[in-house]
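Hi everyone, thanks for making time today. I'd like to walk you through one structure, so please have a look at it while I talk.

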Amino acid sequence: MRLPLLRCTAPLSHWKSPLSFPSSTCTSPHRHISVSLSLYKRCCLCSKTAMSQVVVREADLLDRKKASIRNAGTSKLQVIADFDGTLTKYWCNGARGQTSHGLLQQGNAEYDAKRQMLYDYYHPLEISPSIPIEEKTKLMEEWWEKTHGLLIEGGLTYNAIKKSVADATISFRDGVVQLFEFLEERDIPVVIFSAGLADIIEEVFRQKLHRSFKNIKVVSNRMQFDERGYLVAFKGKTIHVFNKNEHAIDMAAPIHDEFGNLDGSDVNGTFVKDRTNILLLGDGLGDLGMSDGVSFENRIAVGFLNSNIEKSLKDYSEAFDIVYLNDASMWGVVNLVSELCSTNQ
């Protein structure tokens, strides 16, 4: 059935979280949005001060998935999340938020410039619609390996990572901490997949949240430093944008200190082995592949469409079960997991 078109224009201040909580200092420069929805269900979740725009692909299917996950219990649930632009804000202090890879300044202008040259060459290839995925995968492996080589050759130190994060324009979405706390209390694992650098992600946790969570594991490129704090190698396989999925779950590790000391937690993948219900959070269509390698029974995919709404909404609304528009907060997801874990419905 063809759904009607919806045209809506509203000040950004009206499109916030469905609950009333203190706002962050990070805001979008866009003061108005205007979107055309061709495949949609528009849900305005109201609170005392704000509401959030949500697009749901098939409400009946989503309700069935919710009921199945809820009936299976929390012991069967895991959360898979992208980091940049999903857990973190797309806009911060009126500027585009930095990524965990893009914020890194290694304290060597020559090598920072060389990494930028690699970006300028490979990024257009990454997003090109005309290059087959197999060829792109090889190109991404080349890019990542060259970049990692420059970081080692250029003498990257852990102190440079600390300074880069301290100076960075990066912030978690409102509601992320509450989401993590809710999941931690119920022993629901969260696997963060990133093609960036695990050590930077961990430093962002330390500096921005000032804590870690025992249920969170990070699958990303992990560095090895010597006793002087200099980068000397990368551990394990290279994680890039086309292989960040649960086939790489053996790379999962909890957030730990800068010298790689773990707390004895399970890092071999058994912590998610029997959890066949998935809540997936991402900001790009490629993030849907993060659940590759899992024989899941149910998957609810939540997408954050941060920009280019008119151009991308159709694809997002067809691919994700739920789409949050315009750099939304995480409060809608907090509500969702509360519903999934409820025993009273």
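Let's begin with a piece of the sheet: strands β12 and β13, the latter covering residues 298-305, pair in the parallel sense over six bridges. If you want one pair to click on, take Gly-282, whose bridge partner in β13 is Gly-303. Before I go further, please keep in mind that this is a predicted model.

What does β12 pair with besides that? Strand β5, residues 77-82, also pairs with β12 in the parallel sense, over five bridges. There, Gln-78 has Ile-278 of β12 as its bridge partner.

Now, how many of the residues of β12 are buried? For this strand, residues 277-282, the count is six of six. Asn-277, Leu-279 and Leu-281 point one way from the strand, while Ile-278, Leu-280 and Gly-282 point the other way, and all are buried.

Let me zoom out for a moment. The protein chain has eight helices and 14 strands. Of its 345 residues, 53% count as buried. For those of you who think in contact maps: among contacts between residues at least 6 apart in sequence, 72% join residues at least 24 apart. The chain exposes about 15,800 Å², and carbon and sulfur atoms supply 50% of that.

On to the helices, and α7 first, which spans residues 309-319. Which of its residues are buried? They are Ile-309, Ser-312, Leu-313, Tyr-316 and Ser-317. Looking down the axis of α7, these buried residues fall within an arc of 135°, so they line one face of the helix. The spacing should feel familiar: an α-helix has 3.6 residues a turn, so residues three or four places apart point the same way.

Another helix to look at is α6, residues 198-209, which contains Glu-203. Is Glu-203 buried or exposed? Glu-203 counts as buried, because its relative accessibility is 5% and the cut-off for buried is under 20%. Leaving aside neighbours within four places in sequence, Glu-203 is in contact with Tyr-158, Ile-161, Lys-162 and Val-165.

Next, the pocket. The largest one has a volume of about 1,800 Å³. Its lining is made up of 47 residues, and those nearest its centre are Thr-99, His-123, Glu-126, Ile-127 and Val-241. Which elements supply at least two lining residues each? They are α2 (109-127), α3 (133-153), β8 and our earlier friend α7. The largest share, seven residues, comes from α2.

Last, a backbone item for the Ramachandran fans. Most residues other than glycine have a negative phi. Asn-93 has a positive phi of about 55° although it is not a glycine. Where does Asn-93 sit? Asn-93 lies in the loop between β6 (91-92) and β7 (95-96), and at 54% relative accessibility it counts as exposed.

Asp-187 also has a positive phi of about 55° without being a glycine. You'll find Asp-187 in the loop between α5 (176-185) and β8 (190-197). With a relative accessible area of 49%, Asp-187 is partly exposed.

If you take one picture away, let it be β12, with six of its six residues buried, paired in the parallel sense with β5 and with β13. Thanks for listening!

How values were computed: Residues are numbered from 1 along each chain as its sequence is written. This is a predicted model: local features need pLDDT of at least 70, side-chain atom pairs count only at pLDDT 80 or more; totals for chains, interfaces and linings use all residues. Side-chain values use heavy atoms; hydrogens and water are left out. Buried means under 20% relative accessible area, exposed over 50%, partly exposed in between (1.4 Å probe, protein chains only). Helices (H or I, at least four residues) and strands (E, at least two) are DSSP runs, numbered from the N terminus. The arc is that of the directions from the helix axis to the C-beta atoms. Two strands pair if DSSP finds at least two bridges between them. Contact means heavy atoms within 4.5 Å. Accessible areas come from the Shrake-Rupley method with a 1.4 Å probe; for residues, only the protein chains shown count as cover. On a 1 Å grid over the protein atoms alone, a cavity is a set of points where a 1.4 Å probe fits but cannot get out, and a pocket is an open set with protein on both sides within 12 Å along at least five of seven lines; lining residues have an atom within 4 Å of a point. Grid points are joined across faces, edges and corners, and a volume is the space filled by probe spheres set on the points.
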